[in-house]
Every structure is written in structure tokens, then in C-alpha cells.
Amino acid sequence: MIKKIFFQSIFFNLFFFKEVFGAESGGMPQLNPEFWISQIFWLTLTFGVLYIILSKLILPKISSNLELRKSQIQDNIEAADKRRESSEAKLKEYDNIVLKSKSDAKNILGDAKENALKEINAKKETIEKQIDEEIEKAEQEINVLKKSAPEKINRIAKEMASEILKKLIGSEINNSSISAIVDDLSKKNGDKYYGN
Amino acid sequence: MAANPMTQFEVYRIGPEIKIGAFDISFTNASLFMVISSLAILVIFNLGSKKNSLLPNKIQLLAEISYTFVSKMISDTAGSKAKPYFSFIFSLFMFVLFCNMFGMIPYTFTVTSHIIVTFVLAAFIFIAVTVIGFIKHGFGYLKLFVPSGVPIVLLPLIVIIEIISYLSRPISLSVRLFANMMAGHTMMKVFGGFVISLGVVGGWLPLSFSVALTGLEILVAFLQAYVFAILTCIYLNDALNLHH
């Protein structure tokens, strides 16, 4: 505050005591009013020109440059966002396609397996049926053979017995007695010979 | 050059004496550095605004950083109403800054170390701000001198103090800049003189001091330009937004 008052007093005194401080007086050259008017004139001129050129030509350009850059950057960011979104959508689509094709492949595989199993089962069944039929047939044949077997054997036994007796005795023997004996034997020991 | 540290502030005529009526408006070294500062500002900012590339080059970046710096300073201190005065405050800040910075080059002249220059600037700001205040608020602008919430007893005293402080604004504004520049440059000159007088043996200490002072003075040159501009913003804020 004291400094301020000091300077103020010097400053205002100078309006009245020009002669006190000469140019080479050794005091402050700032307080020599010789070139004050010149300084005021040139300050007004240079600062005025500077202000007019800056405010009319240069500053609007800088401001528009800044605005333009801002909007450009904003646009770029928006465009980048859009592209990212579209790429994300495409990625999703791609994932969906992959998932779908995977499930399709699974389905196809399952179907094929099922079909194959079905076919195999059907073939198995028919083959088993055929086998069963053939087995049945064979069993029937065997049964028929089995049933006819004692008769044949009896007959063979009768013939053989009559032949053997003929050779032993040398005369004909009543066939009916031989068959009676064989029948009797086969009835007695049939179980032992033929099973069942 | 004499050892007198004040000779660096002397104004002398360059070229012929020009007179308009009784007024001497000769071109002086002070005028020269005003012209140089203004031209430097115009050249730098013209180059910085010429081309608009998305990735600014160095000079464009400089111009744009200065622009946003000043615009932020104004909007922070005086609000959005001060937008029409942006060009003026920008020019003022740049002019003072460049004058201060050119003064830091050896053998140059510091325009802002002259009280008449800073006083004309400050007086213009003071008158302009007062006129703006009266245009915006009419006689309501006088409410600036009556702070709210002051006891009635103290009011006359406060009003007188407020009026004095308001009227001393141009003086404090101009003297702050002028005294800072003058004191800094004088001190540098004094230490420079010590380097010479102490010679090779003892001159190293003032030399290193002088180097440190140069850094400090560059800081002060920027800071004083900033203070000058921000005080203008604050005065403008008073005129635009009365008591808020």
C-alpha cells in the first residue's frame, strides 16, 4: 500500500513538475514525459491494429477450426461406433450360424444313427424270424423222423430177425410171431432205445 | 553503456521527429517493440490458424492452446456473458505477454516497463468496464459500492473504502505490471554489473544468480500478463454480473 501511494504521488506530481526529471537525470526514465504522447499514440495504434486483425480475421478462424475439429472427431467416433456395432452384429450372426450348423450336424448324425439302428433292428428281426422258422421246420422234420424211427427200426429188426432165423434154421418161420416179439420188445425197451 | 541499471529503460527516437500539432509522436524504440510484439503475435496466430488439419502441427497447437487457455480463463472468472469481450482480453493478454517476453531478450526494450503504457491500458480497461457497468445496470451499478450484509453503522465507511478501491483499480493494475517489470529488469542489470565488476574470481556467484533470475523473470513475465488479463476479467465480471 505504501509502495502504491509512493508511485501514485510520483506519477501525479509529474504532470506538474516536468523539469524535475530530465532524460539524463539519473532518475527513472519512465517518469520523463518527453515521449509519453508518442508512446500513447503508438500503443493505441499497434494495439488497435492488433485487436482489429485478431478479432476480425484470426480468432474466428481459430474458433471455427476448433469447432470443426470437435465435430470431425465426434463424427469419427460415431462412425467408429457404428462400425463396431455392425461388426458385433455380424459376429453374432456368424456365431448363430455356427451354432445352428453345429446343431444341424448333431441332428443329422442322430437321425442317421437312428435310421441305421432301425434298419439293423429290422434286419435282425427278419433274420431271427427266418432262423426261428427254419429251426421250427427242422425240429418238425426231426420230430417226424423221430416218430417214424421206431417203426422203421422195428421193421428192420423184424426183417433181420427173419433172415437170421432163416439162415440158422434153414426154414421159413412165421413172420407174425417174429413181429409180435419185436413189438413186444420195442414196447418194453422203447424208452431205453429212443430217448424221450 | 553506463553501469546505471536504469539506462535500459530510456526511450529514444528512431528516425525523424514527427509532430502533430504540439504533440511529438516520433517513432521510438518503445514503438519499435510494440510493433515487433504485435507483428509477432499476428504472424504466429496467422500461421496457427491458416491450415486446419485434424492433427495440428506445432504452431497450430500453440495457437489453439492459447485460445482455449484464454477462453477458459474468461469463462471461469467472468462467466458466459463475457464472451463478446473475448477478443479484447485475448489481444490484451497476448500483447502484454509478448511485450514482457521480448523484454527478456538482452539489449531489447521492455514496453511494459513504462508506467505510461500500462497506465493507458489500465485506464482504458477501467473506463470501458465502468461504461459497460452503467450500460448494463444503469444507476444500479452504484450498488457495487454497497456490499450486502454490512451493518448500517459501518455502511458509510465501507462505501467510501469501496469507492476508493474501485478508483484505485487502474493505478494498482498499471503499477503492478510496470513495477514488476521494472524491478525485475533492474535487478538483472544490477547482477549483470556485479559479474563485470567482480571479474573472473568473484563473478561466478552473481552470474549463477543472474541465470536463476532470468528463469524467474520469464516466469514473472508470464505471470504478470496472466494477472493483468485475469484482473481485467474480474473487473469485467463486476460490471456484467453485479453481486452474485
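Me: In what order do the helices and strands of chain B come along the sequence?
Reply: Chain B reads β-β-α-α-α-α-α-α-α along its sequence. That gives seven helices and two strands. Keep in mind that this is a predicted model.

Me: And which pattern does chain A follow?
Reply: Chain A reads α-α-α. It has three helices and zero strands.

Me: What share of each chain is buried?
Reply: Take the chains in turn. In chain B, 33% of the 244 residues are buried. In chain A, 10% of the 196 residues count as buried.

Me: What are the overall dimensions of chain B?
Reply: Use the principal axes of the C-alpha trace. For chain B they give about 65 × 55 × 45 Å. Contacts add to the picture. Among those in chain B between residues at least 6 apart in sequence, 64% join residues at least 24 apart.

Me: How do I check the length of a helix, say α4 of chain B?
Reply: Compare an expected span with the distance between the end C-alpha atoms. Helix α4(B) covers residues 115-137, which is 23 residues. At 1.5 Å a residue it should span 33 Å, and its end C-alpha atoms are 32 Å apart, so the two agree.

Me: Which residues of α4(B) are buried?
Reply: The run Ile115(B), Ile116(B), Val117(B), Thr118(B) and Phe119(B) is among them. Further along come Leu121(B), Ala122(B), Ile125(B), Phe126(B), Val129(B) and Gly133(B). Just after the helix, Gly138(B) takes a positive phi of about 65°.

Me: Where else should I look for a positive phi, in a residue other than glycine?
Reply: Go to Tyr107(B), with phi near 70°. Tyr107(B) sits in the loop between α3 and α4 of chain B.

Me: Is Tyr107(B) buried or exposed?
Reply: Count C-beta neighbours inside 10 Å. Tyr107(B) has 6, and 12 or fewer means exposed. Tyr107(B) therefore counts as exposed.

Me: How do I read the packing of α6(B) against α7(B)?
Reply: Take the angle and the axis distance together. Helix α6(B), residues 169-202, meets helix α7(B), residues 204-240, at about 175°, and their axes are 9 Å apart. An angle over 145 degrees counts as roughly antiparallel, so that is the relation between α6(B) and α7(B). The residues of their contact comprise 19 nonpolar, seven polar and three charged.

Me: Why look for a nonpolar core at all?
Reply: The general idea is that in soluble globular proteins, nonpolar side chains tend to be buried together. In this model, the largest nonpolar core has 61 residues. Those touching the most other members are Ala30(B), Ile89(B), Phe93(B), Phe95(B), Val96(B) and Leu236(B). Elements giving two or more residues to this core are α2 of chain A and, from chain B, α1, α2, α3, α4, α6 and α7. The most come from α3(B), with 10 residues.

Me: Which residues are in contact with Ala30(B), leaving aside its neighbours within four places in sequence?
Reply: Both chains appear in the list. From chain A come Phe35(A), Gln39(A) and Trp42(A). From chain B come Val11(B), Phe109(B), Val111(B) and His114(B).

Me: How many residues does the contact between the two chains involve?
Reply: Count each side separately. Here, 35 residues of chain A are in contact with 42 residues of chain B. On the chain A side, α1 (2-13) and α2 (36-169) are the elements that give two or more residues. Helix α2(A) gives the most, with 25 residues. By type, the chain A side divides into 23 nonpolar, nine polar and three charged residues.

Technical notes:
Residues numbered from 1 in each chain as written. Chains lettered and ligands numbered in written order. Predicted model: local features only at pLDDT ≥ 70, side-chain atom pairs only at ≥ 80, totals over all residues. Contact = placed C-beta atoms within 7 Å. Helix = DSSP H or I, 4+ residues; strand = E, 2+ residues; numbered from the N terminus. Nonpolar A, V, L, I, M, F, W, Y, C, P; charged D, E, K, R; others polar. Expected span 1.5 Å × (residues − 1). Buried ≥ 20, exposed ≤ 12 C-beta atoms within 10 Å, placed from the backbone. Axes fitted to C-alpha atoms, helices over the stretch in contact; angles between N-to-C directions. Parallel < 35°, antiparallel > 145°, perpendicular 65-115°, else oblique. Core = buried A, V, L, I, M, F, W, Y, C linked by C-beta atoms within 7 Å.
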